Amino acid sequence: MFKTTLQCLVELSDYERALALLEAYVDGGDYGPELNLARARCLAGLNRPDEAREAFDLAIHHAEEEWGEAAQPDAYFYRGKFRLRVGDAEQAVADFERMWEACGEEADGSEPALQAKLIEACRLSGEAHQTLGNTAAAKQVKQRVDELEEASRNYRPRTLRQIHK
């Protein structure tokens with residue numbers, strides 16, 4: 001119940017309430033990867049960049065320790081968005097690429113929610129490349145966005161029969 005409430009508050013951009021709930025729940029303990037990510041998103045939304053930067057880094061560090069190099073694609077996605085917003089386009093591009101790598105095989109023909117995030121990450125990566133003056137890379141990213149959007153339009157969930165073959 002706690003994580004669902006927290007997630008709803010973060011998705012609704014009610015960062016103050018989400019952060020208060022999170023801090024009361026953890027009460028000085030270890031946040032772990034998922035809660036550090038929620039905390040980082042709250043801090044970024046509240047325009048507390050230094051604290052947000054630290055929380056994003058902790059979320060990714062904890063995820064890598066717990067789950068290996070694949071870490072959490074979401075952590076890279078949200079840190080990339082944050083970095084782009086604070087003017088660090090080069091590091092934002094690196095995070096979007098790490099997100100793509102962390103998704104692995106799921107990046108092609110993946111379920112719709114992940115596909116939407118991948119499309120957004122590519123668009124943001126294209127913006128970052130434009131900011132950096134790298135128009136060739138921005139064009140490549142635009143092509144990737146077009147391919148992802150086409151795959152998204154053609155997505156068909158697998159049936160139980162297909163899964164159990």
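Disulfides come up empty here: a search of the whole structure finds zero. A disulfide means a pair of cysteine sulfur atoms within 2.5 Å. Keep in mind that this is a predicted model, where local features need pLDDT of at least 70, side-chain atom pairs count only at pLDDT 80 or more, and totals for chains, interfaces and linings use all residues. Residues are numbered from 1 along each chain as its sequence is written, and side-chain values use heavy atoms, without hydrogens or water.

Take Cys122. Its closest cysteine sulfur is in Cys103, 10.0 Å away, too far for a bond. Cys122 is also buried, at 5% relative accessibility. Buried means under 20% relative accessible area, with a 1.4 Å probe and protein chains only.

Cys122 also helps line the largest cavity, along with residues including Phe96, Trp100 and Arg144. A cavity is a set of points on a 1 Å grid over the protein atoms alone where a 1.4 Å probe fits but cannot get out; lining residues have an atom within 4 Å of a point. That cavity holds about 40 Å³ of space, the volume being the space filled by probe spheres set on points joined across faces, edges and corners.

Now the pockets. A pocket is an open set with protein on both sides within 12 Å along at least five of seven lines. The largest has about 370 Å³ of space. Its lining counts 14 residues, with Gln7, Glu34, Leu37, Ala38 and Arg41 nearest its centre. The second largest pocket has about 190 Å³. Arg41 is in that lining too, and so are Tyr78 and Phe82, among others.

Conventions: Buried < 20%, exposed > 50% of the residue type's maximum accessible area, 1.4 Å probe, protein only.
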